[in-house]
Amino acid sequence: MDADPPQLDDHLEPFRVSVNQILTTVNKLEKQVTEVEQFYESTDNVQGNNSKGGSLAKEKGREKHITGTKKPLQDASHTEASSAKRMQELMRQFSTILRQITQHKWAWPFMDPVDVEGLGLHDYYEIIDKPMDFGTIKSKMEAKDGTGYNNVREIYADVRLIFKNAMKYNNEKNDVHVMAKTLLEKFEEKWLQLLPKVAEEEKRQLEEEAQAQLDIQLALETTYANKAKDISTELCEIDMHLKSLKEMVIQQCRALDIIAETNPMFQPSSTEDVVLDLDAQSDYTLWRLKAFVKDSLEEQVKVNAGAGINPNDNPDDKKNKKRRDSGDSSGKTNPKRKKLSTL
C-alpha cells in the first residue's frame with residue numbers, strides 16, 4: 001500500500017523558511033540604510049554648525065554611541081582637559097590683578113551690592129540694567145555647580161561693569177564716579193599686560209576644537225562608509241539567494257514539462273504536490289528526468305557556492321533524504337511512486 005504523499009506545507013517549508021530569513025535580513029538592512037542616509041544628510045548641517053562655533057560637547061553627545069569615534073572622542077576629552085588647566089592658570093593670574101584692584105583705598109564702594117533701599121536710590125534699577133560688585137564676582141569665581149565663569153574674558157567684562165555702572169549712575173563730579181573712573185583706568189592697564197596670553201589661549205582653543213571636530217567627523221565618515229560597504233555585500237548575498245530560490249522553482253516547472261510532453265494525460269495541479277508512478281513513465285521520459293535532475297543538482301551546487309549557502313543548514317534536507325531512502329528500500333514491493341520534488 002502506497003504511503004501518503006507529503007503534505008503541501010512540508011513541501012513548501014524550505015521555501016517559506018528561506019523567504020522569512022530573507023525578509024528578516026532585509027528589514028535589518030533597511031534600518032541600517034536609513035541610519036546611513038540620515039548621517040550623510042545631516043553632515044552638511046553639522047559642518048555648518050561647527051563653522052559657526054558649534055560646541056564639541058554637542059558632538060560628543062551625538063556620536064558617543066558610534067564605535068569608530070571612541071578614540072577621537074578620547075583625544076578630544078584629553079585636549080579639553082589640557083585647555084581647562086591652561087585657562088585655570090590664566091584665571092589665577094587674573095585673580096592677582098583683581099586682588100590689587102580690590103585692595104586699593106578707593107575700592108570699598110564696589111565690594112558689595114549697592115544698598116538701593118538704604119541709600120534711597122529709587123531710580124537705580126531704572127538706570128542700571130545689571131548691577132555688579134566684587135563680592136558677586138568672587139562668589140561666581142568660586143562656584144562649583146557649573147554656574148561659574150568659563151573664561152577670563154567673562155570676569156573681565158563683569159569687573160568693567162562694576163565701574164561702568166558707577167560712572168553711569170553718578171555724575172562726573174560725584175566722588176563715586178571719580179573713584180570708579182580711576183580704578184577702571186588702573187584695571188585696564190593691568191588687563192593689557194595679560195591680554196596677549198588670553199588672546200593666544202583663545203586662538204589655541206579654537207584650533208584644537210576645530211581639529212577635534214574634524215577628527216570626529218572623519219572617524220564617522222569612515223564608520224558609515226564601512227557600514228555602507230557591508231550593507232552592499234549583504235544585499236549581493238540576498239540577491240544570489242533569491243536567484244537560487246527562483247532557479248529551484250523554475251527547475252520544478254521544467255520537470256513537469258518533460259513529463260507532459262510524452263504523457264498527454266498528465267495534468268499536474270498548481271495547488272498540490274505531484275506524485276508520480278515511475279513504472280507508468282516511458283524509458284525516454286525517465287532518461288530525460290534523470291539527466292534533468294543531474295544537471296539541476298550540479299547547477300544548484302554552483303549557485304549555492306556563489307551565494308555562500310550551505311545546503312546542510314536546512315533540516316528538511318535530512319527529512320528528504322530519509323524519504324528517498326525509504327522509497328528505495330520499498331521499491332521491490334511497492335509501485336515506484338515518487339514525489340517529483342525529490343527526483
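This report describes the fold, confidence, cores and charged pairs of a predicted model of one chain.

## Overall architecture

The chain has 343 residues, of which 29% count as buried. Its secondary structure comes to 9 helices and 2 strands. Read from the N terminus, the order of elements is α-α-α-α-α-α-α-β-α-α-β. Among contacts with a separation of 6 or more, 75% are between residues 24 or more positions apart.

## Confidence

The mean pLDDT of the chain is 76, with 65% of its residues at 70 or more. Two stretches stay below 50. One covers residues 51–65, where pLDDT is under 50 and the model has 28 contacts beyond four places in sequence. The other covers residues 318–343, also below 50, with 39 contacts beyond near neighbours in sequence. Where pLDDT is low, the predicted coordinates should not be read in detail.

## Nonpolar cores

The largest nonpolar core has 29 residues, and the members that touch the most others are F94, F110, F134, I137, V159, F163 and F187. Helix 3, helix 5, helix 6 and helix 7 each supply at least two residues of this core. For F134, the contacts beyond four places in sequence are L98, I101, T102, F110, M111, V159, I162 and F163. Two of these contacts of F134, F110 and V159, are also listed among the core members that touch the most others.

A second, separate core has 10 residues, including V36, Y224, I238 and L245. L245 is also a contact of S18, as is H241, once neighbours within four places in sequence are left aside. S18 is found in helix 1, which covers residues 8–51. S18 counts as buried because its relative accessible area is 12%, and the cut-off for buried is under 20%.

## Helix 6

Helix 6 has 18 residues, and at 1.5 Å a residue it should span 26 Å; its end C-alpha atoms are 26 Å apart, so the expected and modelled spans agree. The buried residues of helix 6 are V152, I155, Y156, D158, V159, I162, F163, N165, A166, M167 and Y169. V159 and F163 from this list are also among the residues that touch the most other members of the largest core.

At the start of the helix, a side-chain oxygen of N151 comes to within 3.2 Å of the backbone nitrogen of R153. Towards helix 7, the C-alpha atoms of M167 and K181 are separated by 6.9 Å, the two residues being 14 apart along the chain. K181 lies in helix 7 and is partly exposed, with a relative accessible area of 43%.

## Salt bridges

Side chains of opposite charge can pair when their charged atoms come close. The model has 11 salt bridges. Where does the partner of R86 lie in the chain? The side chains of R86 and E201 meet in a salt bridge with an N to O distance of 2.8 Å. R86 is in helix 3 (residues 70–102) and E201 is in helix 7 (residues 175–262), so the bridge links distant parts of the chain, 115 residues apart. Both ends are buried: R86 has a relative accessibility of 19%, and E201 has 6%. The pair also belongs to a network of salt bridges that links R86, E201, R204 and E208.

K130 forms a salt bridge with D158, the closest N and O atoms being 3.7 Å apart. K130 sits in the loop between helix 4 (124–127) and helix 5 (134–142), whereas D158 is in helix 6 (residues 152–169), 28 residues away. The two ends fall in separate accessibility classes: K130 is partly exposed at 45%, while D158 is buried at 6%.

A third bridge joins D239 and K243, at 3.4 Å from N to O. D239 and K243 both lie in helix 7, 4 residues apart, about one turn of the helix. D239 is partly exposed at 38% relative accessible area, and K243 is partly exposed at 49%.

Notes: Residues are numbered from 1 along each chain as its sequence is written. This is a predicted model: local features need pLDDT of at least 70, side-chain atom pairs count only at pLDDT 80 or more; totals for chains, interfaces and linings use all residues. Side-chain values use heavy atoms; hydrogens and water are left out. A salt bridge is a side-chain nitrogen of Lys or Arg within 4 Å of a carboxyl oxygen of Asp or Glu. Buried means under 20% relative accessible area, exposed over 50%, partly exposed in between (1.4 Å probe, protein chains only). A nonpolar core is a set of buried Ala, Val, Leu, Ile, Met, Phe, Trp, Tyr and Cys residues joined through side-chain atoms within 4.5 Å. Contact means heavy atoms within 4.5 Å. pLDDT is the predictor's confidence in each residue, from 0 to 100. The expected span of a helix is 1.5 Å times one less than its number of residues. A polar contact is a pair of N or O atoms within 3.5 Å; within protein, one must be able to donate a hydrogen and the other to accept it, and residues adjacent in sequence count only if both atoms are side-chain atoms.
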